[in-house]
Amino acid sequence: MAGLRRGAGRNGSPPAGPPYGMLRYGLRAGVVDWLLERVPTPRRNPFTLGYLAVVGATTTFAKLADPDLVLRLQEASSSDGHNLLQHPLRALVLSGFWVAGEVWMPYLWGFAFTLAPLERRVGPARAAAVFAIGHVTATLLSQGVVIAAVETGRLESAAMDYLDIGVSYGVLACLGAVAGLLSWRGRLLALGSAGLLIAEQILTEQDVVTAVGHPAALLTGVALWRWLRRAERRRPRPRRVAVPAAGSSSSSSPPAPAPAAGGAGVPAAH
């Protein structure tokens, strides 16, 4: 209207304007909330962080301690064929507390993208079970192939003593398991990436333990999909607490009470 200043409302007050600013704020807050919900915390991911602490401690020890001592401890913890035949329980448990090599950071990201989301979806007990089942199953299958190859003369007897330590079996099992809890696009991306990684390792390393153990670990996680899906449906969802926006009716002062029946300031007759 000609009599109104540009940008003024009908009563001369500035208009509220389109809520683009609040929309941008809501999108930013939604992204931040989504990220914060997935950051591992001691309450949300006790098994993941505890296992990372153990692996970090053994990796630091391997870097700082005497190399001969480290080698003896790793050989005693190895899940090679010789140790599995003589000390199976010790070999299966302790071999998962070391990393293959002296670099720890890749396993941090591996745990963050496999074990941590799985634990968040199904709980620490089931996530630990998936990790352990994948580690044990892949170890027994891969070393079983080595033992059979040595017995039939296809491999030399020294293959029974090759050092076999690391957490890769557990990580791949968790990757295969968590893929079953994703959408079909996420499942396709996770399994496709894992398949390409395993194929590249098989072609470059040409090691029978890797060629058998890594696919077996991934497929072990896939085999647990039905059990994990049932567990996820039974798991209670955390409740979200709605925070009222500033200036909303919930934050305003309560309405004044209605006057008494006898008039304002005059008590009603009894």
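Reader: Which residues does Ile133 touch, not counting residues up to four places away in sequence?

Author: This is a predicted model, and in it Ile133 sits in helix H8. Leaving out residues up to four places away in sequence, the residues that Ile133 touches are Thr220 and Leu224.

Reader: Is Ile133 buried, partly exposed or exposed?

Author: The relative accessible area of Ile133 is 35%. Buried would need a value under 20%, and exposed one over 50%. Ile133 therefore counts as partly exposed.

Reader: How far apart are the C-alpha atoms of Ile133 and Tyr169?

Author: Along the chain, these two residues are 36 residues apart. In space, the C-alpha atoms of Ile133 and Tyr169 are separated by 9.3 Å.

Reader: Staying in H8, is Phe131 buried or exposed?

Author: Phe131 is also a residue of helix H8. Its relative accessibility is 4%, and the cut-off for buried is under 20%. So Phe131 counts as buried.

Reader: Which residues is Phe131 in contact with, leaving aside neighbours within four places in sequence?

Author: Two of the partners, Phe47 and Tyr51, are also named on the H2 side of the contact between H2 and H8. With the other partners added, the list for Phe131 reads Phe47, Tyr51, Phe111, Leu115, Val167, Gly170, Val171 and Cys174.

Reader: What is the C-alpha to C-alpha distance between Phe131 and Leu175?

Author: In sequence, Phe131 and Leu175 are 44 residues apart. From C-alpha to C-alpha, the distance in space is 9.7 Å.

Reader: How do H2 and H8 lie to each other, parallel, antiparallel, perpendicular or oblique?

Author: The axes of helix H2 (residues 46-64) and H8 come within 8 Å of each other. They cross at roughly 50°, an angle that falls between the 35 degrees limit for roughly parallel and the 65 degrees where roughly perpendicular starts. H2 and H8 are therefore oblique.

Reader: What classes of residue make the contact of H2 with H8?

Author: On the H2 side there are Pro46, Phe47 and Tyr51, and H8 brings Pro124, Ala127, Ala128 and Phe131. Sorted by class, no polar and no charged residues turn up, and seven are nonpolar.

Reader: And how is H8 oriented to H12, roughly parallel or roughly antiparallel?

Author: Helix H8 (residues 124-151) and helix H12 (residues 225-234) have axes that come within 11 Å and cross at roughly 170°. Angles over 145 degrees count as roughly antiparallel. That makes the orientation of H8 to H12 roughly antiparallel.

Reader: How many charged residues are in the contact of H8 with H12?

Author: H8 contributes Arg126, Ala129 and Val130, while H12 contributes Trp227, Leu228, Ala231 and Arg234. Five of these residues are nonpolar and none is polar. The charged count is two.

Reader: Which residues does Leu228 touch, not counting residues up to four places away in sequence?

Author: Leu228 is one of the H12 residues in the contact with H8. Two of its partners, Arg126 and Val130, are on the H8 side of that contact. The full set touched by Leu228 is Leu118, Val122, Arg126, Val130, Ala177 and Leu181.

Reader: Which element gives the most residues to the largest nonpolar core?

Author: This core has 21 residues, and Phe111, Leu118, Val130, Phe131, Val167 and Leu228 touch the most other members. Elements giving two or more residues are H2, helix H6 (105-113), helix H7 (115-122), H8 and helix H9 (168-179). With five residues, the element that gives the most is H9.

Reader: Which side chain does His214 join through a polar contact?

Author: His214 belongs to helix H11 (residues 208-223) and is buried, with a relative accessible area of 9%. Leaving aside neighbours within four places in sequence, its contacts are Ser168, Tyr169, Leu172, Ile198, Gln201 and Val209. The polar contact, at 2.6 Å, is to the side chain of Gln201.

Reader: Where is Gln206, the residue with a positive phi although it is not a glycine?

Author: The phi of Gln206 is about 50°. At 69% relative accessibility, Gln206 counts as exposed. Its place is in the loop between helix H10 (184-205) and H11.

Reader: Last one: how many helices and strands are there in the protein chain?

Author: Read along the sequence, the pattern is α-α-α-α-α-α-α-α-α-α-α-α. The count is zero strands and twelve helices.

Note on methods:
Residues are numbered from 1 along each chain as its sequence is written. This is a predicted model: local features need pLDDT of at least 70, side-chain atom pairs count only at pLDDT 80 or more; totals for chains, interfaces and linings use all residues. Side-chain values use heavy atoms; hydrogens and water are left out. Axes are lines fitted to C-alpha atoms, for helices over the stretch in contact, and angles run from 0 to 180 degrees between N-to-C directions. Helices (H or I, at least four residues) and strands (E, at least two) are DSSP runs, numbered from the N terminus. Angles under 35 degrees count as roughly parallel, over 145 as roughly antiparallel, 65 to 115 as roughly perpendicular and the rest as oblique. Contact means heavy atoms within 4.5 Å. Ala, Val, Leu, Ile, Met, Phe, Trp, Tyr, Cys and Pro count as nonpolar, Asp, Glu, Lys and Arg as charged, and the others, Gly among them, as polar. A nonpolar core is a set of buried Ala, Val, Leu, Ile, Met, Phe, Trp, Tyr and Cys residues joined through side-chain atoms within 4.5 Å. Buried means under 20% relative accessible area, exposed over 50%, partly exposed in between (1.4 Å probe, protein chains only). A polar contact is a pair of N or O atoms within 3.5 Å; within protein, one must be able to donate a hydrogen and the other to accept it, and residues adjacent in sequence count only if both atoms are side-chain atoms.
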